[in-house]
Amino acid sequence: MDLAKQIVENGIEGVSLTGGEPVVDSALPEIMKVLGSEGIEMTLVTSGTIVRDEVLDLVDRYGVFVWISLDGPKYIHNLMRGGNVFEKTMRSIEMYRERANGVGLVMALSKVNSYYVEFFIRIAAKLDIDRIAVIPAMPSGRALETGIYIGSKQLAEVLRVVDDVANEIGIYVDLWCMPFAYTLRLRRVNIYGCRTTEVIDIDPAGRLLLCDTMDIAIASAAPCLRDAIDRYLDSDVVKSVVYPRLSEPCSRCLFKDLCRGGCFSRAYTVFGDLNAGDPLCPYVARYREIE
Ligand code: SF4
């Protein structure tokens, strides 16, 4: 709550409420009220397996955009989520569609579900969803333990399917955390990178993180968010990813000004170096002979 108030005082433009699962957090409604009543733009990222009426009302009142995770058809979604939750997710998509200021569906691509990406896009288009996104499962947390994270070659094949289906339907698909996708010369995708100081990840303990997939804290928001942001912006580690000195093959890459070395979290996890290039990039995978 203190952080939410400081977010308001510091003129932050928008907050994405994510998790874990933010909807189960008992403080979520109060946090939404503090942010929403001051006109701060909010997005909510949820699995959609639990919908709380109070949150739904606040989503409606403050014009929140809601992202919901869908991992594929019923069998695959239930397998990935570890329970019989597909129907609940589909119901919550409908409920949020009636109340939210737009709904997006996001699919985390892994070895288990990536062959169902066409199903995902077609069902999202059929439901007339506002935004559709795919993101590769990161080689961290559970995906690292189970080894289900996707490799470079398979991901390139999947992204070509994404592009073909999107092109056929006449829609665009957002590619999260895949700036190297410029190398694939796709037609129907929006590509996003994150080597920027415009967005900062903050964990539940109030730590400003280098990335929410990495346990690298740069500063603590307590007691003063403004000071923490200043320390964050002044941090050598942050500067090293925002203004990267890239090594080969990125340093010679035609797309380096757009991609800027790709995902530094994956580079760190796989190569132990934030600027060693994104292991999911086909150029990097070939250069380093990994798959
Ligand atoms: S070689 Fe490096 S800069 Fe070029 S697309 Fe791949 S990750 Fe990005």
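## Exercises on a two-domain model

In strand E9, Leu209 is the bridge partner of Asp201. Keep that pair in mind for the first exercise, and remember throughout that you are working with a predicted model.

**Exercise 1. Work out how the strands E8, E9 and E10 are arranged, and find the helix that lies across them.**

*Solution.* Start from the pair Asp201 and Leu209. Two bridges join E8 to strand E9 (residues 207-209), and these strands run antiparallel. Next, widen the view: the order E8-E9-E10 makes an open sheet of three strands with antiparallel pairing. Strand E8 (201-202) and strand E10 (217-220) are the edge strands, each pairing on one side only. Finally, add the helix: H9 (residues 225-234) lies across E8, E9 and E10, and runs at about 155° to E10.

**Exercise 2. Trace the sheet that contains E1 to E7 and say which strands stand at its edges.**

*Solution.* First, write down the order. It is E1-E2-E3-E4-E5-E6-E7, an open sheet of seven strands with parallel pairing. Then look at the ends: strand E1 (14-17) and strand E7 (189-191) each have a single partner strand, so one side of each is left without a neighbour in the sheet. From one strand to the next, the twist averages 25°.

Now zoom in on one pairing. Strand E3 (residues 65-69) and strand E4 (residues 103-109) run parallel and are joined by four bridges. Among the residues involved, Trp67 has Gly104 in E4 as its bridge partner. To finish, place a helix on the sheet: H6 (residues 117-126) packs there, touching E4, strand E5 (131-136) and strand E6 (173-175). The direction of H6 makes about 160° with that of E5.

**Exercise 3. Describe a salt bridge that reaches helix H6 from another helix.**

*Solution.* The general idea is that side chains of opposite charge can pair when their charged atoms come close. In this model the count comes to 17 salt bridges. One of them brings together the side chains of Glu168 and Arg122, at 2.9 Å from N to O. Glu168 belongs to helix H8 and Arg122 to helix H6, so the pair links distant parts of the chain, 46 residues apart.

**Exercise 4. Characterise the interface between domain 1 and domain 2.**

*Solution.* Begin with the bounds: domain 1 covers 2-191 and domain 2 covers 201-288. Their centres, taken over C-alpha atoms, are separated by 22 Å. Then go to the contacts, where 22 residues of domain 1 meet 24 residues of domain 2. About 1,900 Å² is buried between the two domains, and carbon and sulfur atoms give 71% of that area.

What about charged and polar pairs? Between domain 1 and domain 2 the salt-bridge count is zero, while four residue pairs are in polar contact across the interface. As a last step, ask which helices take part on the domain 1 side. Helix H1 (2-9) and helix H8 (152-169) each supply at least two residues, and H1 gives the most, with four residues.

**Exercise 5. Pick out backbone geometry worth a second look, and locate each case.**

*Solution.* Recall that most residues other than glycine have a negative phi, and most peptide bonds are trans. Check omega next. A cis peptide bond with omega of about 5° joins Gly19 and Gly20, and Gly20 lies in the loop between E1 and helix H2 (28-37). Another cis bond, also with omega of about 5°, joins Glu248 and Pro249. Pro249 sits in the loop between helix H10 (236-242) and helix H11 (256-259). Then check phi: Cys177 has a positive value of about 60° although it is not a glycine. You will find Cys177 in the loop between E6 and E7.

Note on methods
Residues numbered from 1 in each chain as written. Predicted model: local features only at pLDDT ≥ 70, side-chain atom pairs only at ≥ 80, totals over all residues. Heavy atoms only, no water. Pairing = 2+ DSSP bridges. Axes fitted to C-alpha atoms, helices over the stretch in contact; angles between N-to-C directions. Contact = heavy atoms within 4.5 Å. Domains from an automatic or database assignment. Buried area = accessible area lost by both parts, 1.4 Å probe. Salt bridge = Lys/Arg side-chain N within 4 Å of Asp/Glu carboxyl O. Polar contact = N/O pair within 3.5 Å; in protein donor to acceptor, adjacent residues only side chain to side chain.
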